[in-house]
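Colleague: Please take a close look at one part for me: how the protein is divided, and what sits around the ligand. A connected walk-through would help.

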Amino acid sequence: MIKLHDKVFKPYLGEDEILGAVKKMATEIAEDYKNEVPIFVGVLNGAFMFVSDFLKAYQHPCEVSFVRLSSYHGLTSTGIVETLLDVPENIEGRSVIILEDVIDTGRTLKQLVHLFSQTNVKEFKVASLFYKSEVYSGEYSIDYIGLEIPDNFIVGYGLDYNELGRNLREVYQLNQTDMINLVLFGKPGAGKGTQAGFLKEKYNLKHISTGDVFRYNIKNGTELGLLAKSYMDRGDLVPDEVTIDMLKDEVEKNPEAAGFIFDGFPRTAAQAEALDNFLQSKDMQVNATIALEAEDDILVSRLLERGKESGRTDDQDESKIRNRFDEYNQKTAPLKAYYEKQGKFHSVNGIGEIEEITGRLSVVIDGLS
Ligand code: AMP
C-alpha cells in the first residue's frame with residue numbers, strides 16, 4: 001500500500017505485466033509499420049514512461065514527437081480540452097500513431113482525432129496502453145490496446161493523482177475499502193440536503209443530490225432538464241432509466257472522491273439495485289443508509305416555508321407535496337426493508353436543531369466499519 005496526498009492505493013499491475021503489454025503492442029505495430037518510418041506521438045504528461053519503454057521495444061526506424069492536452073480538473077460533459085502542445089510539424093503524408101497511456105471516457109481521444117483530422121497525414125492510428133472499455137463512449141475504435149482494465153482510479157507508470165505517483169514503476173489502484181458511501185433517506189423536507197451540506201465537509205465526501213442535478217439541467221435548458229421537468233412539476237418521480245444513468249455520470253465525474261453522500265437517490269427498488277451493482281463494479285459499496293424521520297404535517301409546513309424562499313414550484317402547492325409523499329410511501333419506503341436486509345439501515349430523529357441532527361447522524365457514521 002502507498003499513500004499519495006490523502007488517499008491510499010494498493011498494488012494493481014506489476015512491472016513485468018506492464019512491460020509485457022508494451023512489448024506486445026510494439027510487436028503488433030511493427031508488423032503493420034516496419035516497412036515505413038512511422039511517427040509515434042506521445043500524449044503528455046501521462047504517456048512519457050509508456051513512450052520510452054515502447055520505443056525501446058520497437059526495433060525499426062521511427063520518429064517520435066509529443067502533444068499535450070489539458071483536461072480541466074473537474075471536467076464535465078462539456079468536454080473542454082485545451083491544446084498546450086500542438087501536433088508536430090512535417091507530418092504530411094506520414095503515418096502517425098498516437099501513444100496514449102490510458103483511454104477512459106474518450107474525451108481526450110476525441111480532441112486528438114479532431115486535431116489530427118485537420119492535418120494531411122497518410123494515416124492516423126491510436127494505441128493505448130490501458131483501456132477502460134466499460135466507460136469508453138467515443139466513436140473512434142482504438143487500434144492497438146495493451147491491457148483492458150476496469151474503471152478504477154489508477155496511478156503509477158506515468159499516471160498521477162494530483163501530480164504524485166508518475167514515477168512509480170508499477171500501477172496502483174485506489175483502495176476503495178476505506179471509502180464511506182452514504183445514502184440519506186427520508187421524505188421531501190426531512191432535511192437531507194441541509195444535513196448533506198454539513199456531512200460532506202465533516203467527512204470530506206462528495207454530495208450528489210439527484211433533485212439538484214435535475215434542477216440544474218432544467219435551469220440550463222438541457223435535454224435531460226426538459227425530460228425531467230414535466231415529472232418534477234407534478235411531483236412525480238422521473239423514470240428510473242434516466243435517473244440511474246444520470247447518477248452514474250455524476251459518480252464517474254468524481255473518480256477521486258473519498259466517498260459519496262447520495263441524497264434523493266435511490267428512490268425506487270430498481271434504483272437501489274442499480275446502485276448496488278454499479279458500486280460493486282467499482283469495488284465500492286453503500287456503507288449505510290440513514291433515514292431522517294419526521295411527521296408529514298411538520299414536513300408540509302417546512303416545505304411550504306422553503307417554497308416561499310426558494311421559489312421551487314413543487315414546494316408551493318400542498319397537493320404536489322402530498323403527491324410526493326405518496327410517491328415516497330409507495331416506491332421509496334419499501335427500500336427500508338431492502339437495506340435492513342443488508343444490515344445497513346439506520347434511523348435518526350429528524351426533528352430538532354440542525355446541529356443536533358448533524359450530531360445524531362455523526363454518531364451513526366462514526367460507528368461504521
Ligand atoms: P428532491 O429535490 O430530492 O426533492 O427532488 C425533486 C424532484 O426531482 C422529485 O420530486 C422527482 O421528480 C425528481 N427526482 C429527484 N431524485 C429522483 C430519483 N432518485 N428518482 C426519480 N425522480 C427523482
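Modeller: The C-alpha centres of domain 1 and domain 2 lie 38 Å apart. This is a predicted model. Domain 1 covers residues 2-174, and domain 2 covers 179-366. Their contact draws 6 residues from domain 1 and 6 residues from domain 2. On the domain 1 side, the residues touching domain 2 are 3 nonpolar, 2 polar and 1 charged.

Next, the strands. Strand E10 spans residues 171-174, and domain 1 ends at 174. E10 pairs with strand E2, residues 7-13, in the antiparallel sense. That pairing runs over 4 bridges. One pair to look for: Leu13 has Val171 of E10 as its bridge partner. E10 also pairs with strand E9, residues 154-155. This pairing is antiparallel too, over 2 bridges. Here Ile154 is bridged to Gln173 in E10. So much for the strands; now the ligand.

There are 17 residues around the ligand. Thr210, Gly211, Leu237, Val238 and Gly264 come nearest. By class, the shell holds 7 nonpolar, 6 polar and 4 charged residues. Two helices each supply at least two residues of this shell: H5, 210-219, and H6, 223-234. H5 gives the most, with 3 residues. Find Thr210 and Gly211 again: both are among the residues that come nearest to the ligand, and their numbers fall within the 210-219 span of H5.

Notes. Residues are numbered from 1 along each chain as its sequence is written. This is a predicted model: local features need pLDDT of at least 70, side-chain atom pairs count only at pLDDT 80 or more; totals for chains, interfaces and linings use all residues. Domain bounds come from an automatic or database domain assignment. Two residues are in contact if their C-beta atoms, placed from the backbone, lie within 7 Å. Ala, Val, Leu, Ile, Met, Phe, Trp, Tyr, Cys and Pro count as nonpolar, Asp, Glu, Lys and Arg as charged, and the others, Gly among them, as polar. A residue is near a molecule or strand if its C-beta atom, placed from the backbone, lies within 6 Å of it. Two strands pair if DSSP finds at least two bridges between them.
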